[in-house]
Amino acid sequence: MNAIPANTRPLDGPPPRLVAPPGATDCHMHLYLPGFAAQPGGPGIAELATVEDYRRVQARLGLERVVVTQSNAYQLDNGALLEALGDWAAKRPAGWRRWPPAPPRRRCATGMPKACVARAS
């Protein structure tokens, strides 16, 4: 496995002229951690993007919340995402929520083997 280079993008700088409102959320971002290689079928990883890298960007932009999404580079291997979320939650436990709060019970519709609907618990 080849080592993935460190982040080279500017993470710090002056805040934007437009001030983010309270509770502002970055609604889509990816993390690329050391030790987790791109998987077959996905794109390569140009450089790392760690939790600490993102915290710097988040502070500069004045964002309070974030939605971290699985990168296509990792395909179905969500190990990097789970490690990042574990690290993040350990430092900011009050900000994490499981969604949905509990897995819905499911029943499959008759005559449609692949169609399932969520049922209220």
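How many nonpolar, polar and charged residues does the lining of the second largest pocket have? Hold on to that one, everybody; I'll come to it after a quick tour. Please keep in mind throughout that we are looking at a predicted model.

Let's start with the overall layout. The protein has two helices and four strands, and reading from the N terminus their order is β-α-β-α-β-β. Of the 121 residues, 26% are buried. If you take the contacts with a separation of 6 or more, 67% of them join residues that sit 24 or more positions apart.

Now, back to my opening question. The lining of the second largest pocket splits into 13 nonpolar, four polar and three charged residues. That makes a lining of 20 residues, and the ones nearest the pocket's centre are Asn7, Arg9, His30, Tyr32 and Ala49. The volume comes to about 360 Å³. Which element gives the most to this lining? That would be helix H1, with three residues.

Since H1 has come up, let's stay with it for a moment. This helix covers residues 51-61. Its buried residues are Val51, Asp53, Tyr54, Arg55, Val57 and Gln58. For those of you who like helical wheels, an α-helix has 3.6 residues a turn, so residues three or four places apart point the same way. Right after H1 comes Gly62, with a positive phi near 75°.

From there we can step into the core. The largest nonpolar core has 21 residues, and the ones with the most contacts inside it are Leu31, Tyr54, Val68 and Trp88. Three elements each give two or more residues to this core: helix H1, strand S2, which is 65-68, and helix H2, which is 79-91. H2 is the top contributor here, with four residues.

Let me zoom in on Val68. Setting aside neighbours within four places in sequence, Val68 is in contact with Met29, Leu31, Leu81, Leu85 and Trp88. So which residues does Thr69, next along the chain, touch? With residues up to four places away left out, Thr69 touches His28, Met29 and His30. Thr69 lies in the loop between S2 and H2. And Thr69 counts as buried, because its relative accessible area is 19%, under the 20% cut-off.

Thr69 also takes us to an internal space. How many cavities of 30 Å³ or more does a search of the whole structure find? The answer is one. The largest cavity holds about 50 Å³ of space, and the residues around it are Leu31, Thr69, Gln70, Ser71, Tyr74, Ala80 and Leu81. In terms of class, that lining has four nonpolar residues, three polar and no charged. You may recognise Leu31 from the list of core residues with the most contacts.

Please also remember Tyr74 from that cavity lining, as it has a partner. The structure holds one aromatic pair. The partners are Tyr32 and Tyr74, with ring centres 6.0 Å apart and planes at 40°, so the pair is tilted. Why does this pair tie together parts that are 42 residues apart in sequence? Because Tyr32 lies in the loop between strand S1 and H1, whereas Tyr74 lies in the loop between S2 and H2. Are these two tyrosines buried or exposed? Tyr32 is buried, with a relative accessible area of 19%, and Tyr74 is buried as well, at 2%. Tyr32, by the way, is one of the residues nearest the centre of the second largest pocket.

One step further along that loop is Gln75, which is worth a look at the backbone. Most residues other than glycine have a negative phi. Gln75 is not a glycine, yet its phi is positive, about 50°. Gln75 lies in the loop between S2 and H2 and is partly exposed, with a relative accessible area of 28%.

Last stop, Pro21. This proline sits in the segment before S1. Is Pro21 buried or exposed? It is exposed, with a relative accessible area of 52%. Pro21 and Glu64 are 43 residues apart in sequence, and in space 9.3 Å lies between them, C-alpha to C-alpha.

That's the tour. Thanks for listening, and I'm happy to take questions!

Definitions and conventions. Residues are numbered from 1 along each chain as its sequence is written. This is a predicted model: local features need pLDDT of at least 70, side-chain atom pairs count only at pLDDT 80 or more; totals for chains, interfaces and linings use all residues. Side-chain values use heavy atoms; hydrogens and water are left out. A nonpolar core is a set of buried Ala, Val, Leu, Ile, Met, Phe, Trp, Tyr and Cys residues joined through side-chain atoms within 4.5 Å. Buried means under 20% relative accessible area, exposed over 50%, partly exposed in between (1.4 Å probe, protein chains only). Contact means heavy atoms within 4.5 Å. On a 1 Å grid over the protein atoms alone, a cavity is a set of points where a 1.4 Å probe fits but cannot get out, and a pocket is an open set with protein on both sides within 12 Å along at least five of seven lines; lining residues have an atom within 4 Å of a point. Grid points are joined across faces, edges and corners, and a volume is the space filled by probe spheres set on the points. Ala, Val, Leu, Ile, Met, Phe, Trp, Tyr, Cys and Pro count as nonpolar, Asp, Glu, Lys and Arg as charged, and the others, Gly among them, as polar. Rings of Phe, Tyr and Trp (its six-membered ring) pair if their centres lie within 6.5 Å; planes under 30 degrees apart count as stacked, over 60 as edge-to-face and the rest as tilted.
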